[in-house]
Amino acid sequence: MRIVFATNNKNKLSEIRSILGNKAEVLSLSDIGCHADIPETGLTLEENAMQKAEYIYNNYNMSVFADDTGLETDALNGAPGVYSARYAGGEGHDSEANMTKLLNELAGTENRKARFRTVIALILKKEDAPAMVPHGQATLTKEFEGIVNGNIINERRGVEGFGYDPVFEPEGYNMTFAELGMEIKNTISHRARAVKKLTEFLSQ
């Protein structure tokens, strides 16, 4: 099956392709010639993921999945959440600035509990999965969620990964995502857990 992953983020692409293996040929936005700034105006991860998936399906008529991920902290009432990528403001995804703001916001706070949450929205065309799409429908839409709990540490550790990985220590480990490396992260991460549900569904 050929399916579009609505992203050009190379880190996300390599992570997803590694997790999916040979179950599907995953195309990026650039692979299908999409260079648009796809809107992400939702107030939740679910809304943003579906918004991106619908944009690709409506404009390119291809099976697609899109994700949105947020880091949710207890002490900050779930922030940065849906605004994780642009937490420090500005147009780009400035991971260093985002981490600096988060650590400053949590300075002196004992409760460091946090979780990464990924939501994947899937739109599957009937031609790609005739047995899975109900009779009389052109598409099937589904959502999948993956969560990993952990803590925000006091300083950056590790050089692998991306985003908030250097400050997030997953439950059951004494190393950050950035220290654990992609091979281990790809088996335990929020995205891995959401993709596992996606692949199990696609393998039916």
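**Around Thr 69, Asp 68 and helix 6**

Me: Leaving aside neighbours within four places in sequence, which residues is Thr 69 in contact with?
Reply: The model is predicted. Thr 69 lies in strand 3. Once neighbours within four places are set aside, the contacts of Thr 69 are Leu 45, Gly 81, Ser 84, Phe 116, Arg 117, Thr 118, His 190 and Arg 191.

Me: Is Thr 69 buried or exposed?
Reply: The cut-off for buried is under 20% relative accessible area. Thr 69 has a relative accessible area of 17%, so it counts as buried.

Me: With which side chain does the side chain of Thr 69 make a polar contact of 2.7 Å?
Reply: Take the two side-chain contacts of Thr 69 in turn. A polar contact of 3.4 Å joins Thr 69 to the side chain of Arg 191. At 2.7 Å, the partner is the side chain of Thr 118.

Me: Where does UniProt place the feature "active site"?
Reply: The UniProt entry is unreviewed. That record also puts a "binding site" feature at Asp 68. For "active site", the position in the record is Asp 68.

Me: What is the relative accessibility of Asp 68?
Reply: Asp 68 sits in strand 3, which runs over residues 64-73. Residues up to four places away in sequence aside, Asp 68 touches residues including Glu 40, Lys 52, Val 82 and Arg 117. Asp 68 counts as buried, because its relative accessibility is 8%.

Me: With which residue's side chain does the side chain of Asp 68 make a polar contact?
Reply: Among the residues that Asp 68 touches are Thr 44, Asn 48 and Thr 118. A 3.0 Å polar contact links the side chain of Asp 68 to that of Asn 48.

Me: How many Å does helix 6 reach from its first C-alpha to its last?
Reply: Helix 6 covers residues 190-202 and has 13 residues. At 1.5 Å a residue, the expected span is 18 Å. The model comes close to that, with a reach of 19 Å.

Me: What covers the buried residues of helix 6?
Reply: The buried residues of helix 6 include His 190, Arg 191, Leu 198 and Phe 201. Helices contribute to the cover: helix 1 (10-20), helix 4 (177-180) and helix 5 (182-188) are among those involved. The cover also includes strand 3, strand 5 (113-125) and strand 6 (139-152).

Me: How do the planes of the Phe 144 and Phe 201 rings lie, and what is the pair called?
Reply: Five aromatic pairs are counted in the model. In one of them, the rings of Phe 144 and Phe 201 have centres 5.7 Å apart. Their planes lie at 55°, so the pair is tilted.

Me: How many residues apart in sequence are the parts tied together by Phe 144 and Phe 201?
Reply: Phe 144 is buried at a relative accessible area of 8%. Phe 201 is also buried, at 11% relative accessibility. Phe 144 is in strand 6 and Phe 201 in helix 6, so the parts that the pair ties together are separated in sequence by 57 residues.

Me: How far apart are the ring centres of Phe 168 and Phe 177?
Reply: Phe 168 and Phe 177 are both buried. Their ring planes lie at 40°, so the pair is tilted. The distance between the centres is 5.3 Å.

Me: Which residues form one aromatic cluster?
Reply: Phe 177 has a further partner, since the charged end of Lys 185 sits over its ring, 5.4 Å from the centre. The aromatic cluster itself consists of Phe 116, Phe 168 and Phe 177.

Me: Which residue's charged end sits over the ring of Tyr 87?
Reply: The charged end lies 4.4 Å from the centre of the Tyr 87 ring. It belongs to Lys 101.

Me: Which peptide bond is cis?
Reply: Pro 80 lies in strand 4. The bond leading into Pro 80 has omega near 0°. The cis bond is therefore the one from Ala 79 to Pro 80.

Me: What is phi of Asn 77?
Reply: Asn 77 lies in the loop between strand 3 and strand 4. Asn 77 is exposed, with a relative accessible area of 77%. Its phi is positive, in a residue other than glycine, and is near 55°.

Key:
Residues numbered from 1 in each chain as written. Predicted model: local features only at pLDDT ≥ 70, side-chain atom pairs only at ≥ 80, totals over all residues. Heavy atoms only, no water. UniProt positions renumbered as here; feature names shortened; annotations may be inferred. Helix = DSSP H or I, 4+ residues; strand = E, 2+ residues; numbered from the N terminus. Buried < 20%, exposed > 50% of the residue type's maximum accessible area, 1.4 Å probe, protein only. Contact = heavy atoms within 4.5 Å. Polar contact = N/O pair within 3.5 Å; in protein donor to acceptor, adjacent residues only side chain to side chain. Expected span 1.5 Å × (residues − 1). Phe/Tyr/Trp six-rings, centres within 6.5 Å; stacked < 30°, edge-to-face > 60°. Lys NZ or Arg CZ within 6 Å of the ring centre and 35° of its normal.
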